[in-house]
Amino acid sequence: MAQLFVDPAKVGRARDLAGRIADQVQARIDRHTTVSIERTALRLFGVAGTGSTGAPVANLVVDRLQQANVLGKGAVYWLGRALKDGGSDPVKAVERLLGQPGALSPLSMAEERALRDQMRREARAAAGELKRRVRERNAFKAGLQVGAFEGAPLRYVIVATGNIFDDIDQARAAAEQGADVVAVIRSTAQSLLDYVPQGATTEGFGGTFATQENFRLMREALDETSRRLGRYVHLTNYSSGLCMPEIAYMGAAERLDMLLNDAMYGILFRDINLWRTLCDQYFSRRICAYADITINTGEDNYITTADADEAAHTVVASQLINEAFAHRAGMKDERIGFGHSFEIDPDREDTLLRELALAMMVRELHPKSPVKYMPPTKHKNGDIFFAHVYDAMADLVAITTGQGIQLLGMMTEALHTPFLQDRHAALKSASYVYRAARHLGSDLTFKPEGIVARRQREVFDRALALLEETARDGMVAAIGRARFGDVARTETGGKGLSGVVQRADDYFNPFLEILEGRED
Amino acid sequence: MNLIRPYGDRRDDGLVQLAFTLPVPAGAKAKEAASQLVKKMGFKSVLVASMEPAGERFSVFVCYGRGDFALDFDRVEAPEVKHPKHGFDALNARIAERLGRPIVVVGACIGSDAHTTGIDAIFNMKGYAGDYGLERYPWFRAVNLGAQVEPAVLVAKAKELNADAILVSQIVTQRDIHKENVRALIEILKGEDLWGKAILVFGGPRIDHKQALDLGFDAGFGPGTRPSDVANYVYYRLCEKLGLPEE
């Protein structure tokens, strides 16, 4: 059992502060939409495919509405008006509508109501279809084994060949060797694309593109593998960058199980505009909540840039903020995989106890959540033999502290994307360590005044101080002072600000109404 | 003449350990295939120490082989970055005394590569492995542009600041994308006054000094490089470029 040596009153105080921090910005999130949110709503209405230039139709429609300065009313509203007069090509219909004199003037009350009712009906039907697919996945999973054994972390590995068909071969092989979760890494530049590419892709660097077709192909292969193995193999991708909501929607439609999704990651590590990310994380998490997708937050990244021991408190504080945002997007604790990692400089002493202290604290602060443990990366330098031992130590901490998901370290980290044999070695040793230390955690008790207990209190006190400061000055100010991940950002800087649009008073998004549970 | 061979348990036994994957299911035939492949590499006394099924369609091997190839160590040439190395305070004091102004360094991870790990390890205040980053040095003006920076943007910033050194990091090297990126950078630089003036430094997990020289850089730094290695190098190379006498 993981032990927590922090005063429960302090934990309560920290949660209150995190809630206040989220509330301060949630009001502004609720007054805005983004181009990616609007594109997602259109996609639910079946707006798919690409136009003659290769750009997605959803982008063409939304860009045109933004040019005409009417996007604040909601893209679905305009789609409804444009298609009312017949036709099926949304780009042409919107073009024709915007070209008509008086096109932007309101309809009569009765017409307006009829239009909105019609679009709500269609949204309900489409969302119902989405829900049906999710239920189908859940039923399939319920009939299979999940994980190595009750209480073992899900063994999570990545594939990153840059070609979806090679990725499928490698994912199958990994699953056969015991992988429970396969994450398909995206091409390095995708987070900064303000559109989602189309179709099956066989190129990219450090991974291939996240597309709906790639999701479908990979899930199909893993369904077949899961059936054959009698053990469910989960699929993960990345709902981060400039298209968080669209990726979440495509993930939901293709029955993905997990998505990387963080309230602050894009702001800090991809220099995406702060408001763009905050609005997009909200909508994308609403979709994840609806589609039973487990999100993985990215706090592990804080300690790959900053010193892991020094910055441990930023992980704890940020997780509480991420939790507050996730709750405001309707997510249940069971679907929030808080990220953290085994990353303290191995040249120091007692790092095992210090790692155990943090891993147990994260585990116990979020008892219902499938916390996600990341492997060491920063201090790996190509010595694969040392790296393998180093990874085994992370495996030991993961099983002992009951982590929900463990991304297995690769001995060739810092050299190349994982070879098939690297994944083999990682899976074999993780399975060994899990088996060997299966009940270690439940037999182990730490001294109330020992290194672990003192370390937890010290980290939590610093996390609490950071939350006090952030609640007092606001999240924008804290990010401006590089309080998280050692990176400073401003609210007007970063990519994608032009895609943030104020909602009109009569903003219409029937998909959001369903996700927020507001529809009749 | 100083002939050397791989050293296993005894001088000149020539023993080498190999690990690889074959796209065939494990079995007697796969094991024989692994053994034959290692012989084809030129090894003798081949031992297939382990064959593990890696899924149903792949197998992973660990093999040993004896190579009778040898090399005259005296005839091996490898360029190395050579200069004395000073600690944090000593280096700052030297720059103050001999240059009388801070050294301006601009760095980025260029192209689509989104990894800031390398460039951050060298630049960030906290540095790497207990070694302070360039931003901490009072006698360095260090500007880190982060990741996914277009080569032209890096050059423009270097021009604006009249940089003494440009640091380029590349982590992703799949299908030699890093070479394309740095070639683009070098092409842009060639049209600028900075060419020949600014010190060009290339770093990354799969970069070495020789490769960096071949690509047109002044120096290359591989895995395990500490910020102070780069700081000292830039100082010495700058003194050299400015024609300052040896200390």
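Here is a short chat about how a few labels on this predicted model were earned.

Guide: This is a predicted model, so local features need pLDDT of at least 70 and side-chain atom pairs pLDDT 80 or more, while totals for chains, interfaces and linings use all residues. Residues are numbered from 1 along each chain as its sequence is written, with chains lettered from A and ligands numbered from 1 in the order in which they are written.

Visitor: What makes chain A as compact as a globular protein of its length?

Guide: Chain A has 20 helices and 11 strands; helices are DSSP runs of H or I, at least four residues, and strands runs of E, at least two, numbered from the N terminus. Its radius of gyration, taken over C-alpha atoms, is 23 Å, and the globule rule (2.2 Å times the number of residues to the power 0.38) gives 24 Å for 520 residues, so the compactness label fits.

Visitor: What makes a residue buried, and how many are in chain A?

Guide: Buried takes 20 or more other C-beta atoms within 10 Å of the residue's own; exposed is 12 or fewer, partly exposed is in between, and C-beta atoms are placed from the backbone. By that test, 56% of the 520 residues in chain A are buried.

Visitor: Which residues of chain B's α1 are helical, and what span is expected?

Guide: Residues 28-40, 13 in number. Expected span is 1.5 Å times one less than the number of residues, and α1 of chain B reaches 18 Å, close to the expected 18 Å. After it comes G42(B), with a positive phi near 105 degrees.
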